[in-house]
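These are my notebook entries on a protein–RNA model. I begin with the strand and the protein around it, then turn to pockets, cavities and confidence.

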Amino acid sequence: MSKPTESDTTTGLDFIRQIIVEYLKDAPKEKALVTRFPPEPNGFLHIGHAKSICLNFGVASEYGGSCFLRFDDTNPLKEDQAFVDAIIEDVHWLGFDWEDRLTHASDYYTKFYECAVQLISDNKAYVESLSADEIREYRGTLTESGKNSPDRDRSVEENIDLFARMRAGEFAEGEYILRAKIDMASPNMNMRDPTLYRIRKITHQRTGDEWCIYPMYDFAHPISDALEGITHSLCTLEFEDHRPLYDWVIANLDVPAKPRQIEFSRLNLAYTVTSKRKLALLVNDGHVSGWDDPRMPTIAGMRRRGYPPEAIRDFCARIGITKKDNVIQMGVLENSVREYLGETALRVMAVLRPLKVTISNWPEGEVELMTAKNHPNDPEMGERKLPFGRTLYIERDDFMEEAPRKFFRLKPDGEVRLRYGYIIKCEEIIKDADGNVIELLCTYDPETRSGGAQSDRKVKGTIHWVSAEHSVSAEVRLYDRLFTEPSPDKGDDFLAVLNPASLEVLKGCQVEPQLANLSDASVQFERTGYFVTDADSSTSNGLIFNRVVSLRDSWAKIERANTQN
RNA sequence: UGGGGCGUAGCCAAGUGGUAAGGCAUCGGGUUUUGAUCCCGUGUACCGCAGGUUCGAAUCCUGCCGCCCCAGCCA
């Protein structure tokens, strides 16, 4: 994060912060910055919204300003209180506070109505009776200008009357709309007498049946901004063409402020989609378990997946703010997650694909307690005791009967260090009738107890383990990218490139005992990755973990190189 | 044959006329009882292309090329 207020330079800041610094240069007190994050409650927030939230709330706090959380609820057809609740939870969880600045566009419905009447009175808006199809025809095309509607010259008195009757519910949906009178020949389609109000005989989630006419975004948004004293109205690039209309509304109305709209490019994440429509389709068609499925790029999904809010904020700070089209690689997000969790997550041991190991020279029934650090680089996080016995589980991948060069784990007649335990040697392999390895018979070297006399005896590898007698069984869910293509939006059917292997469920995993009662914080399964207990985890379902993200794995690279040669 | 934007290394991104920051990724190496972390090192970026102005241009001018957005009574 930058530390701008006392700096008189704009070097290194993104272009929006540069504009703000310039704006604040003289009389910063009088011109105090005000921003807003204006979601429409028609779906869950996703990583792209996180970028906007971090920008709007971030910039406000950096420059001593304030930020509104405003629900842009102008279309009751698509909106729902459940989404409002989810959005509030998500923004809060991300770490931002709007104090008393939680508003709704619907708070201003009366004001919008008065503004519309003002425009009509000023002969700058008129009631249209053409059908939607006719309006489309009259609008012209990208290359041909439109033509004026026959209703454009309706008298002010008649417009006033008609609009009042629209509001009174005298007409059916689609019978009339209110349009701004601007310029049907404008090369900017948004200026060809845009719709200001339409009739919708639907109950609104907040205003009930008080209204049957609802304002369009282009009308409601600039007025809402002005009423809240927004100084910088930050939005994404697709609204750039709307700015002349935004300015027109402000200029032609008697409103208390003149906000400035600035556009930046929206976030695209590789191998995922960030469009509420498409995310809703994934949910509604059952391709995922819900808006909070851990594979979803929604804030709720990432929360359930175990991404810490700090990591998401760090990610948003790293990707920057520009007007360029961009596709951010997943690795950047994962790096932010690993970086935060690497410092903060408790280390524990868990075996995902258990292979039984019997220590043949270990006394039957004897249990020793080994001391393990909760974090290798942070002594303040303390230690814990791990039971070690005759029968253990190790990771199936940590044994290879025919090991390639540079395989530093267990192999026939080979030695390996058990993390925080003893060095063991593989003496015998037990197989089932099909030739699958089902158990290893090993011996341990009593001198090599972790912390003991010969504990610094070097062996190539160290692997994790759990005591079979003490470990707890768990389900582990491994996640992969939801799509197989870097840009699922590119083709004509994004559902066709869904990754069929985006979820892998592992049952019968064996985890160290203390994991049975874990908080909701993510932990590191040593050598495997970061994990968090899933919401499905309960006494009846048993223990369930989500893999947040794997650890970086340079062995995987070596393996890949080996198989390619 | 309309309008609005954008083009700096694989992906992001500084740079605002003085001779190309940083991050992620990659590839080497060191430390390590996590093949993790950490630490070092690693890039010929024709600064979209072509001209021009200038002692000097990624930065200014001109022309081209490429990509994105706009014809909802969605936001």
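Entry 1, the RNA surface. I looked up which residues surround RNA strand B in this predicted model. I find 71 of them, with Arg347, Arg419, Ser450, Arg552 and Ser554 the closest; a residue counts as near a strand if one of its heavy atoms lies within 4 Å of it. By class, I note 22 nonpolar, 24 polar and 25 charged residues on this surface. Here Ala, Val, Leu, Ile, Met, Phe, Trp, Tyr, Cys and Pro count as nonpolar, Asp, Glu, Lys and Arg as charged, and the others, Gly among them, as polar. Of the strand B atoms within 4 Å of the protein, 69% belong to sugar or phosphate, and the rest belong to bases.

I recorded the conventions at this point. Residues are numbered from 1 along each chain as its sequence is written, and chains are lettered from A and ligands numbered from 1 in the order in which they are written. The model is predicted, local features need pLDDT of at least 70, side-chain atom pairs count only at pLDDT 80 or more, totals for chains, interfaces and linings use all residues, and side-chain values use heavy atoms, with hydrogens and water left out.

Entry 2, elements at the RNA. I asked which elements supply at least two residues each to the surface near RNA strand B. They are α5 (132-139), β6 (195-199), α11 (309-319), α12 (330-344) and α13 (554-564). Of these, α5 gives the most, with four residues. Helices (H or I, at least four residues) and strands (E, at least two) are DSSP runs, numbered from the N terminus.

Entry 3, backbone atoms at the RNA. I noted a backbone N or O atom of Ala132 at 3.2 Å from a base nitrogen of RNA strand B. For Phe408, a backbone N or O atom lies 3.1 Å from a base oxygen of the strand. At Val327, a polar backbone atom is 2.7 Å from a sugar or linking oxygen.

Entry 4, the second largest pocket. I read a volume of about 1,000 Å³ for the second largest pocket. On a 1 Å grid over the protein atoms alone, a pocket is an open set of points with protein on both sides within 12 Å along at least five of seven lines, a cavity is a set where a 1.4 Å probe fits but cannot get out, and lining residues have an atom within 4 Å of a point. Points are joined across faces, edges and corners, and a volume is the space filled by probe spheres set on them. This pocket has 32 lining residues, and Arg409, Arg527, Asp553, Trp555 and Ala556 lie nearest its centre. Two or more lining residues come from each of β25 (543-550) and α13, and α13 gives the largest share, seven residues. I class the lining as 10 nonpolar, six polar and 16 charged.

Entry 5, cavities. How many cavities of 30 Å³ or more are there? I count two. The largest holds about 50 Å³ and is lined by Met349, Leu386, Pro387, Trp465, Val466, Ser467, His470, Glu512 and Pro513. Its largest share of lining, three residues, comes from β20. The second largest holds about 40 Å³, and its lining consists of Tyr217, Asp218, Pro222, Phe239, His242, Tyr246 and Gln261. Helix α7 (residues 217-227) gives the largest share there, three residues.

Entry 6, Asp445. I located Asp445 in strand β18 (residues 437-445). Its side chain makes a polar contact of 2.4 Å with that of Arg457; such a contact is a pair of N or O atoms within 3.5 Å, and within protein one must be able to donate a hydrogen and the other to accept it, while residues adjacent in sequence count only if both atoms are side-chain atoms.

Entry 7, confidence. I note an average pLDDT of 95 for chain A, with 98% of the residues scoring at least 70; pLDDT is the predictor's confidence in each residue, from 0 to 100. Over residues 1-8 the pLDDT is below 50. Where pLDDT is low, the predicted coordinates should not be read in detail. For the complex, the predictor gives an ipTM of 0.97 and a pTM of 0.96.

Methods
Contact = heavy atoms within 4.5 Å.
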